[in-house]
Amino acid sequence: MDQLDISVIPGDGIGKEIVPATLQVLDTLADLHGGVKFRYQTHPWSCEYYLEHGRMMSEDGIEQLKQTNAIFLGAVGNPQIVPDHISLWGLLIKIRRECEQVINIRPAKFIEGIKSPLAEPNHFDFIVVRENSEGEYSESGGRIHSGKDEIAVQNAIFTRKATERTIRYAFKLAQTRKGRVTSATKSNGIVHSMPFWDGVFNELSAEFPGIETESNHIDALCAFLVSKAHHFDVIVASNLFGDILTDLGAAIMGSIGIAPAANINLTGQYPSMFEPVHGSAPDIVGRGIANPIGQLWTGKMMLDHLGLNELGTLLLRAIEDSIAEGVKTRDIGGSSNTQEVITHINSKILSY
Ligand code: NAI
Ligand code: MG
């Protein structure tokens, strides 16, 4: 039997509710498979941990994480007791950086039974591959002078290494999907980095002759995600553009409570991290009504990443069937609570 070690960080707020709940489903899937077992190492790292220890994670925390096969994280943040920049940089960003999770991927898919704000969603199903280590989000730059003479300079950093690995990942992913890659660019306005990005995209497209390619300027692409979301398959984007596109993707799905994300370590040297898009939702904490779908769906991404695609497919099927049958939390128009959704999804999995 394969034993997989999973680092579990419930974090703050509803993370503490939905993470334990979703582990029940992962265990059901493992039992069904028979050949795999998950061993969880659960860490209390959170804002409360910070109040007690003066740090967001234990001193050897990163080392502990690096010993495991994947990281399953809920949500981090409790601005009432710890400022967001401290909790974010002390845990999430620290893990992303030190575990070299250089790519962020986020699927967006129309789900029957969840009202999309799009008039004609047409069963859209795409995934955004976002460069997660450089680009527009760099610390290069500065501010000088003050008053009327004040100057701010913010540099965008695009290395060939990071650009290539991101775009190559998108092409490979498209080979397992519908075979189309759309590149987000803005080479008509950003005259150095974006023509460079386009050049790398064109070079790599020659290595993947079976893949259909197109480049869209980011502004037009945002409009297309509203007018023809169903057209897209894999969208590859720089850090800033990907950030914008993924929020748009979550919005057209109909609720932030269902959107999943994964931070990928490409070499396999360190674990990747799987987390929902939403935060700790302090406004609904403790009421048992948090939607567990975003956390479950990121569990599906983790299963796929660990090579357990069969289980991942089963999990997504159970999520979709359960929603179509009306077992859903109130943020997506239902009246079930967290545990009722989990119990129903568990029984769906066992019924297949
Ligand atoms: P949020 O995503 O926690 O909540 C936004 C709204 O969506 C709230 O009304 C909330 O009730 C609702 N919501 C979110 N997830 C839901 C779910 N699973 N089921 C039902 N409703 C859900 O964003 P907010 O309020 O801006 O941030 C709260 C805290 O979370 C902050 O400290 C913030 O920094 C942190 N945060 C952490 C993230 C992470 O860990 N990756 C991502 C976003 C925010
Ligand atoms: Mg964002």
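**Close-ups of a predicted model**

**View 1. Helices α5 and α6 sit oblique to each other in this predicted model.** Why oblique? Because the two helices pack at about 45°, and an angle counts as oblique when it is neither under 35 degrees, nor over 145, nor in the range 65 to 115. Here α5 covers residues 160–175 and α6 covers residues 193–205, and their axes are 10 Å apart. The crossing is a right-handed one. On the α5 side, the contact is made by Arg160, Thr163, Glu164, Ile167, Arg168 and Phe171, while α6 brings in Trp197, Val200, Phe201 and Leu204. Sorted by class, that gives 6 nonpolar, 1 polar and 3 charged residues.

**View 2. Helices α1 and α9 make another right-handed crossing.** Take a look at α1 (residues 15–33) against α9 (residues 293–305): the angle is about 45° again, and the axes lie 9 Å apart. So this pair, too, is oblique. From α1 come Ile18, Val19, Thr22, Val25 and Leu26, and from α9 come Gln295, Leu296 and Gly299. This contact has 5 nonpolar residues, 3 polar ones and no charged ones.

**View 3. Ligand 1 has 22 residues around it.** Which of them come nearest? Those are Gly77, Gly257, His278, Gly279 and Asn291. The shell as a whole is a mix of 10 nonpolar, 8 polar and 4 charged residues.

**View 4. The stretch from residue 5 to residue 345 is listed by UniProt as a domain.** The unreviewed entry calls it "Isopropylmalate dehydrogenase-like". Over these residues the chain is 40% helix and 20% strand, and the C-alpha atoms at the two ends are 24 Å apart.

Terms used. Residues are numbered from 1 along each chain as its sequence is written. Chains are lettered from A and ligands numbered from 1 in the order in which they are written. This is a predicted model: local features need pLDDT of at least 70, side-chain atom pairs count only at pLDDT 80 or more; totals for chains, interfaces and linings use all residues. Axes are lines fitted to C-alpha atoms, for helices over the stretch in contact, and angles run from 0 to 180 degrees between N-to-C directions. Helices (H or I, at least four residues) and strands (E, at least two) are DSSP runs, numbered from the N terminus. A crossing is left-handed if the near helix is turned anticlockwise from the far one by less than a right angle, and right-handed if clockwise. Two residues are in contact if their C-beta atoms, placed from the backbone, lie within 7 Å. Ala, Val, Leu, Ile, Met, Phe, Trp, Tyr, Cys and Pro count as nonpolar, Asp, Glu, Lys and Arg as charged, and the others, Gly among them, as polar. A residue is near a molecule or strand if its C-beta atom, placed from the backbone, lies within 6 Å of it. UniProt positions are given in the numbering used here, feature names are shortened, and annotations may be inferred rather than shown by experiment.
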